[in-house]
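Grab a pencil and work through these exercises with the model in front of you. Try each task before you read its solution.

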Amino acid sequence: RGRSMATVNPRALTSWVGIARLLAVVLSCLTFSLVASTRHFEAPYGTWCMFTWCFCFAVTLLVLLLELLELYPLLPLSWDDFTSAFSMLAALMVFTSSVVFPATFISSPCSSSLCARQAVATTSSCLCFLAYAVEVSLTRAKPGDISSFLSTVPGLLKVFEAYVACLIFSLLDAYTRESGLMWCVAVYSICFIFTLLIIIFTIGRCLTYIPCSLEKVLVGYNFLALLMYLTATILWPLYSFRGQSRPDPCPTDCWWNKSLGVTFLTIFNLIAYLVDLVYSTRMVFFRAP
């Protein structure tokens, strides 16, 4: 039979997931439009925030169009895994921008029209984060359902772990002076690469070609990653702050603040890998009959 004509699926826009995506599109567009109108988003932090809002707007709009026209089955990827991973990534990115933008660009007291637009943009960004968080909640796999791995708790945690590692990389500064710090960077890099490969292979439907029990391999990887992050959690603050006090003055981008940020992000990822290990172990070894 010849290829049928493209059909329109109204539920792509009228379902709860579709409504959440529509809100995310509108709010992200409103946010970057307001910030662009201020012409005050220079420096790396402002560029990152603008990229986040524009990127999330473009990809979410593309997802809506592909689902509306039912063209996504033509793509050589796992659509449910892709949309789950993207919604989680977008929620994390928009949340970060919602914190970074006002902290960097809004000054007190806020009385000018410029500041008012920045405040409205921040509010819109926060609402956009809530829209993506609702989408993550609505598309999350039900207990016992592993047909879409990245929509399960371990799958969503994989996205979180990779994103936190990216934040850590953005804060790394002068780590070659100590072997302990170099080991920590190796931990961040190795875990990030393997986690990213798991996400990519899952979306690309390549994991089925692995000639071993994938679920047990993931449990073993999570255990090793947990041990590696445990060493980094101890070694990073030990070597970063050893014999050094906080400089005065210490602006936002000074080495002490960056090292402190890496310390907290390392702890966050340690907790994420711990929860990931617990959930993965339950999924593999304690499935309901």
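**Exercise 1: Follow the charges**

Start with a pair to find: the side chains of glutamate 67 and arginine 21 meet in a salt bridge, at 2.9 Å from N to O. A salt bridge here is a side-chain nitrogen of Lys or Arg within 4 Å of a carboxyl oxygen of Asp or Glu. Before going on, note that this is a predicted model, where local features need pLDDT of at least 70 and side-chain atom pairs count only at pLDDT 80 or more, while totals for chains, interfaces and linings use all residues. Residues are numbered from 1 along each chain as its sequence is written, and side-chain values use heavy atoms, with hydrogens and water left out.

Task: work out which parts of the chain this pair ties together, and which residues join into one network with it.

Solution, step by step:

1. Locate the two ends. Glutamate 67 sits in helix H3 (residues 43–68) and arginine 21 in helix H2 (residues 16–38), so the pair ties together parts 46 residues apart in sequence. Helices (H or I, at least four residues) are DSSP runs, numbered from the N terminus.
2. Look for another partner. Arginine 21 also forms a salt bridge with glutamate 135, with the closest N and O atoms 2.9 Å apart. That pair links helix H2 to helix H5, 114 residues apart.
3. Check the burial, where buried means under 20% relative accessible area, exposed over 50%, and partly exposed in between (1.4 Å probe, protein chains only). Glutamate 67 is buried at 15%, arginine 21 at 4% and glutamate 135 at 2%.
4. Now the other bridge: lysine 158 and aspartate 276 meet at 2.4 Å, N to O. Lysine 158 lies in helix H6 and aspartate 276 in helix H9 (residues 255–285), so this pair ties together parts 118 residues apart in sequence. Both of these residues are buried.
5. Put it together. Shared partners join Arg21, Glu67 and Glu135 into one network, and the structure holds 3 salt bridges.

**Exercise 2: Where two domains meet**

Task: describe what the two domains bury between them, and which residues supply the area.

Solution, step by step:

1. Split the chain. Domain 1 covers 1–143 and domain 2 covers 152–288; the bounds come from an automatic or database domain assignment. Their C-alpha centres lie 25 Å apart.
2. Count the touching residues. In contact (heavy atoms within 4.5 Å) are 15 residues of domain 1 and 10 of domain 2.
3. Size it up. The two domains bury about 1,200 Å² between them, 76% of it on carbon and sulfur atoms. Buried area is the accessible area (1.4 Å probe) that two parts lose on being put together, summed over both. Met88, Leu92 and Arg140 supply 30% of the area domain 1 buries against domain 2, more than any other three residues.
4. Check for charge pairs: there are 0 salt bridges between the domains.

**Exercise 3: A residue in a loop**

Task: is threonine 152 buried or exposed?

Solution, step by step:

1. Find the spot. Threonine 152 is in the loop between helix H5 (113–139) and helix H6 (153–171).
2. Read the accessibility. Threonine 152 counts as buried because its relative accessibility is 5%.
3. Look at the side chain. One of its polar atoms lies 2.5 Å from the backbone oxygen of phenylalanine 149.

Notes. Helix = DSSP H or I, 4+ residues; strand = E, 2+ residues; numbered from the N terminus. Polar contact = N/O pair within 3.5 Å; in protein donor to acceptor, adjacent residues only side chain to side chain.
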